[in-house]
Structure formats: structure tokens, C-alpha cells
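Visitor: Could you take me on a close look at a single part of this model? I'd like the place where the two chains meet, plus any odd backbone angles you'd flag along the way.

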Amino acid sequence: MNQELIEQYVAGRLSEPEAQAFEDYCLANPEFARQVEYEQRLKAGIAQVARGSTAEFVRAPHPLQWTLAAAASMLLVLVAMFYIWNPGARAMAPSILAAANFAPYDGPSLRLALVRGSDTAPTLPPGLVRVEIVGLFDVGHQYSVALDRLEKNKKIDTVATLNDQQPNSPVSLVVIIDSGQLRAGPYSLRVRKQASGEEALDFGFVKF
Amino acid sequence: MDFIPGGELSRRIRQGDVSAESELIRQFEPGLRVLLRRRTGGDYGLLQDLVQETLLIVIQRLRGEGIEDPQKLAAFAAQTARNLAIASLRKTERQRTDVDSEATDRKADSTQSVDRIASDHEAALAVRALLRELPQPRDRLMLKRFYLDDHDKELICQELDLSEAAFNQALSRARRRFRQILEERGFAKRDLLSLGL
């Protein structure tokens, strides 16, 4: 497979059977697939940059933009440092949300998975609930789990946070939620891989 | 890292080997991202969902009943991804044609819905960094013509008075630098699904 074929695929110039054969080859060759993905991302990134204006393609950015960007970055760093060093700024309520050990559990349980198109959120049963979060996890890394209450005015109130959680397997991470301490309403469990820039995954549920 | 054949992966996952599940994700995730990126119209969030869903389906299938021909595990994963993409597209089309108040609201808000699509912000940031670094305005214009305007190489070479060799060299340099920027900033491993890479 050569670069020209990658270009044709990314530009959408291959017929459907050709494109499918190309994709099958990618599935069997991860390193080649990564090369293709960089090409896709370059094209997508250029399209995104050009969405507002194509000025960046024809002239250099104004020096003032650099100054403003540097100032904004510095401000972000200061805010992040304040957040990290001020324990009061973090929502911690371990009695509501707790780590689960790997032992069998006889109490109530709930399984949360990302189900696209589902209009109904699962219900949290009463008691100490073993919540299994189904997703793809890197077993060599730690995750933070935040329990958010979703208010009617779309405000998000973090009621508990749990850091340094190890996934139970590549496809599940388990925590315990004390349902009795939660008010009725919609909630979301936000799971994020620590020490990474990855976006968090949200798993919604309802407490009645 | 070595590529483990589908038959061996299938057997080990069926036997409960967790490391084989991680290996399956490592092997198939890049290809699935390529396949699904083409089918999700720039919706980065949907792309991530579908890659995740595909891998979960494949792993659960291998843990349970297995697949008919384990040697064709990659083809099975690819077809599962295609089916999920088609189902997702159908669902979107249905939502567009439903005449109810919710759909009407969505239609009325169509400009916002475009903005709500989760984009590949990291790629855009890397492109901006790349454009800032390119000393020649001609090189920036060349990228625009090639990737955005979809012009043929020949046409671009004529317009910018470039030889084909110079064009290929500049393009190759830009690609390499783009990849380097993503890697330097950690964006290359940013996706949740880039496990064990």
C-alpha cells in the first residue's frame, strides 16, 4: 500500500469495494492504519481551521495573537495550580461514592454502559449499590470517577469524587454508591483517565 | 509489537485471557478509527462511541458464543463497525424525518447543531501550529488547495509553479511535522481507546 492510495482513500476517491478492501487491510495492519489516520486528521484539522476563515492559510498570524495566547495560557496554569493546591476547592464525599474491591457482592447492583439512542436512563436502586461501568479501560492506568447531580437549570453539581481507581478488567470499572445519601433526580458518573488529556465519559442514571 | 492472528486471539479470549482482550483492542482500534472516521462525517464524539461499541461487541461475542471463522476476526470486526455506522446513520435520518415538536426544534436549531458536533480539536490545534511554522506562504496555500479544495496535484503544481518532486517533498515535510506536533503534545495518544499503545 502506498501513499497515493492513502490519499485517494482519504479524499474519498476510491469506489466502495476498493475502500472496504483498504479498510480490511487497515484492520490487519495497525501501524499502517495509524499512518492513514494521521492523513485523515490532517485533512479534518485543515477543514476545521478553515471553517471560520481561510486567512490563516494566506498570511502569518499577528504578533498580538501570540501575546494574548501566552497570557491566556499563564492564567489557565495559575487557575489549575490553585485548584490542585486548595483541597477545599475539590468536591470530596467518600461516604457517597466508594471504591469497590474485587470480592463478590450480594447487594443491589447497576450496570452503566454508553448506549447510543437510548431515551431512558437506568434507575439507581436503594441501598449500597455496586455500579459496574462498562467501557474500554486501560488496565495499566488509574481513573477518576466523579458523581454529578444534573440540576434542572442544566447546572452540574459534583457531589463526590473518587480518584486513583483501577479498572477491574479492560471493559469494566466498579464503584459503590450509597443511594440513600442521594436526593431524587438525574445524575451522571463522569469517568476520566488520570494524567491524560482525554475527555471524560459520562454515564447517566436516575435516582427516584 | 507482533500481530497476533485472529484465531489465537479468539481462543485466548474465550479462555478468559484478559491480556488477549487488551491485545485485540491494540490491534484493531487504529483500523476501526480509520473505517469509522470515514462514516461519521467529522463527528468525533460519534466516532469514539462507535469504535468503543464495536470493540465491546467483538469482545463480548468472543467471550460468549464466538464467531464462525475465528481466522476472519478482523473482517468480523470491520463488518460490525460498518453495521453500527449504518444503524447510526439510519437513526439520524429517522430523527430528521420525524415530524414532532422535538424534531422541529432540532431543525430550527440546525446552525447550532453543527457546532455541537464534537470535533477533532487536537487536529485543528496541530494544524494551526503547523501553519504558523511554515515559512513559505506557498506551502500553506498548497495544503489548502490539496486538503481543503481537493485539487489535483498537477493543477496545484501549475498554479504554484512547483515541480512534482518539490510538491511531494513539501507535502511529506508538512505531514511529518503534523504528526510530530500531535505526538509532542500527547494528542496522538489522547483517545480513550488508544490502549496499550
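Guide: Sure thing. Keep in mind that this is a predicted model. Let's start with the contact itself: chain B puts in 51 residues and chain A puts in 42 residues. On the side of chain B that touches chain A, the elements giving two or more residues are α2 (18-39), α3 (44-63), α4 (73-97), α7 (121-133), α8 and α10 (164-184) of chain B. Of these, α2(B) supplies the largest share, with 12 residues. As for chemistry, that side of chain B breaks down into 27 nonpolar residues, nine polar and 15 charged.

Now for the backbone angles. Most residues other than glycine have a negative phi, so a positive one is worth a glance. In chain B, D150(B) has a positive phi of about 55° without being a glycine. You'll find D150(B) in the loop between α8 (137-148) and α9 (153-160) of chain B. Is D150(B) buried or exposed? D150(B) counts as exposed because 11 other C-beta atoms lie within 10 Å, and the cut-off for exposed is 12 or fewer.

Chain A has a case to look at as well. D164(A), again not a glycine, has a positive phi near 60°. Here the setting is a strand: D164(A) lies in β5 of chain A, which covers residues 156-165. D164(A) is exposed too, since it has 10 other C-beta atoms within 10 Å.

Conventions: Residues are numbered from 1 along each chain as its sequence is written. Chains are lettered from A and ligands numbered from 1 in the order in which they are written. This is a predicted model: local features need pLDDT of at least 70, side-chain atom pairs count only at pLDDT 80 or more; totals for chains, interfaces and linings use all residues. Helices (H or I, at least four residues) and strands (E, at least two) are DSSP runs, numbered from the N terminus. A residue is buried if 20 or more other C-beta atoms lie within 10 Å of its own, exposed if 12 or fewer, and partly exposed in between; C-beta atoms are placed from the backbone. Two residues are in contact if their C-beta atoms, placed from the backbone, lie within 7 Å. Ala, Val, Leu, Ile, Met, Phe, Trp, Tyr, Cys and Pro count as nonpolar, Asp, Glu, Lys and Arg as charged, and the others, Gly among them, as polar.
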